Amino acid sequence: MIALAAILAVTGATVGLGVYGVRIARTTSDLFVASRAVTPWWNAAAISGEYLSAASFLGIAGLQMKIGSGALWLPLGFTAGYLALLLFVAAPLRRFGAYTISDFAEARLRSPRLRALSACIVLLIGGFYLVPQLKGAGLTLGEVVGAPYWVGVVAVGAVVALNVALGGMRGITYVQAFQYWLKTFAIALPACLLLLHLGGLPERSAMFGAEYPRAPAGGLTVTLDEPVLATFPEAATVTVDGRAVRAGAGAEVRLPAGTVELPAGVAVPVAEGTDAQRGTDWAAPVSDTGDASPLFVYSLLIATFLGTMGLPHILVRFYTNRDGPAARRTTVRVLGLLGAFYAFPAVYGALGRVLTPELYLTGETDTVVLRLPEAAWPGLGGELLGALVAAGAFAAFMSTASGLLVSLAGTVTHDFRRDATRGAPARRRRFQAAALGAMVVPALLALVARELDISVLVGWAFALAASTFCPLLLLGIWWDRLTARGAAAGLVVGATVATAAIFTGLVLEPGGRSVEALLTQPAVVSVPLAFATMALVSVAGRPVRRPPDPELLALHAPEGLGLDDPARA
Amino acid sequence: MSAPRTPRDELAEATAHGGLYLRRLIRRQLGLSVLTLVAFGGFLGSLPLALYLLPGLQDVDVLGVPLPLLAIVVPPFPVFVAFGWLYARRAQALEQEFRELVEPDG
């Protein structure tokens, strides 16, 4: 009940801030980029709030608990992506003075068709990123208050769509900034209080020593909602619905739905898809094999490093900076804000290994952040902290979904049809209609695709972004010989290769870890391919233009010289 | 009417000369970005390798946590900020130099 109240409070505050924002949102410029007058600190908090999705709030700790400390390379890659953005994209893109990435594509290369192609890719990435957010919302609401799956999907979808339609980007900037601080508070405070309450880290052998996670003194009772194919790391006798089941070390046993009782001290069996690990292996960030092998770690770092740069809902935020230097200052602050957040998920992953080992058996390690407070601190303290964490998770879904929806609605209204002749009210109505409409398809998909793996969809969006917009931006900003044909060819090749690799991985499910890493993280291959295609087609297609391109001037000339009137003049 | 042409005029009118000024700025900015990228890549890229090649670090405890685990949770993020801050400062300085070149009196 406390958790439900906390979730409702977050939702109310989100809507309230959105309504406050609408008073200021008067023009299309306001709606799209908040009149470009947002200060670096607000912008940095908003960017961070938008970026920290369910995958960061729940996923990192869950993955760490499941596969080991190798999962902690993820937040490093997520954050490092912003350094790449800072070095190559932030200031020039802001100076160029375009609203969306499709605007950039068209204005830089003078090709309306390239704009349409980019807009299609924006819709694809945004849509596929939106589905797992909504799905996560449905699952979380079910976990916290026992609501049916569709309630969470519909509730979050409706709130976000209304908020975006009413407030536009101006409202959303404040909402996102608010949600960054809420999320950081909601993950940091319980982590610190739990450590204080427990008097430091609990018995360390299961975390960092030679032990498997074990049932605590007094035994462990686990309720299985559906049958689980469990692997026993050590020989054990457990009770299933009152009936004794004996399993040898390493045995795979199909446990039926029902109540499983583990006697005190028994090593907890793990669900299919999880490898039982001793503390020493679990704690090592890099090891010889598996999910922490050097190949996997480097592949992951490269993919996240490049994928972040290509996310359209992040890039659109850089247009809300006052000027190029402000865009740089904003990005430096983002690095700090993300770092402050990412210090904490590891606490949950480690504590969860000792305090909620039953999640290994149910396979629900993704819920460790939600479950941990009450498991570690039975009573009112744990319940309050659990409510705070649930509110933070909800903020994570809503903020990322809002950012994506702004991007999608902006693309629908702005990129596919020219409407310079129409007035601002008509354009605002179209933006509002697009915001509502753009939520319908992903929400329906989320309702249907309950079985689809969240990480597959998120990974697909990251890989697609890295293989399309990353080369388009880098070459478009820094290479004066890029042509529209080259860019289009590279976009198509990058998108096709990334998509094909992931679907091949889905269908084939290859056994080899390195093959799997390459297929599920194809950015390592598809990004160089896209770069090469763009460069080769550009060089082959057209002689060098006479210098200097006015577009390059607009990208790189510092402000205040009267030179920064872009190509459109 | 026949005021001397400043580099700014050259840029604004997109002459060959102006192109040279702009290209020089772009090259210097790109050089700075690539230099930072290499330094940063060296830092982040060497972390997994160092932890892989020195498994003995696993037995070193800091605040009750194995050093490799602690090493990737806390220290990299301030280093990220330091890289970003130094880069942004230098990029700003390069732009200031360009500004002074183009508008010597401004």
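**The sheet**

Start with the four-stranded open sheet of chain A in this predicted model. Its strand order is E1-E6-E3-E4, and the pairing is antiparallel. Now pick out the edges. Strand E1 (220-224) and strand E4 (243-247) of chain A stand there, each with a single partner strand, so one side of each has no neighbour in the sheet. Look across the strands: the twist averages 30° from one strand to the next.

Stay at the E1(A) edge and add strand E6, residues 258-262 of chain A. How many bridges join E1(A) to E6(A)? Five, and the two strands run antiparallel. For a single pair to display, select Leu220(A) and Leu262(A): Leu220(A) stands opposite Leu262(A), which lies in E6(A).

**Helix H7**

Next, select residues 101-109 of chain A, helix H7. Is this helix enclosed or open? Nine of its nine residues are buried, so H7(A) is largely enclosed by the rest of the structure. Click along the helix from Ile101(A), Ser102(A) and Asp103(A) to Phe104(A), Ala105(A) and Glu106(A), then Ala107(A), Arg108(A) and Leu109(A); these are its buried residues. The buried set includes Asp103(A), Glu106(A) and Arg108(A). Step just past the helix to Arg110(A), where phi is positive, at about 55°.

**Helices H4 and H15**

Now show two helices of chain A together: H4 (residues 54-67) and H15 (residues 345-355). Two packed helices are described by the angle between their axes and the distance between the axes. Here the angle is about 40° and the axes are 8 Å apart. H4(A) and H15(A) are therefore oblique to each other. Their crossing is right-handed.

Which residues make the contact? On H4(A), select Ile60(A), Ala61(A), Gln64(A) and Met65(A). On H15(A), select Pro345(A), Ala346(A), Tyr348(A), Gly349(A), Gly352(A) and Arg353(A). Colour the contact by residue class: six are nonpolar, three polar and one charged.

An α-helix has 3.6 residues a turn, so residues three or four places apart point the same way. Keep that in view while you look at the H4(A) side, where Ile60(A) and Gln64(A) are among the contact residues, as are Ala61(A) and Met65(A).

**Ile502**

Finish in helix H21, residues 484-508 of chain A, and centre on Ile502(A). Is Ile502(A) buried or exposed? With 21 other C-beta atoms within 10 Å, Ile502(A) is buried; the cut-off for that is 20 or more. Last, add Gly459(A), which is 43 residues from Ile502(A) along the chain. The C-alpha atoms of the two are separated by 8.7 Å.

Methods
Residues numbered from 1 in each chain as written. Chains lettered and ligands numbered in written order. Predicted model: local features only at pLDDT ≥ 70, side-chain atom pairs only at ≥ 80, totals over all residues. Pairing = 2+ DSSP bridges. Axes fitted to C-alpha atoms, helices over the stretch in contact; angles between N-to-C directions. Buried ≥ 20, exposed ≤ 12 C-beta atoms within 10 Å, placed from the backbone. Parallel < 35°, antiparallel > 145°, perpendicular 65-115°, else oblique. Left-handed = near helix turned anticlockwise from the far one by under 90°. Contact = placed C-beta atoms within 7 Å. Nonpolar A, V, L, I, M, F, W, Y, C, P; charged D, E, K, R; others polar.
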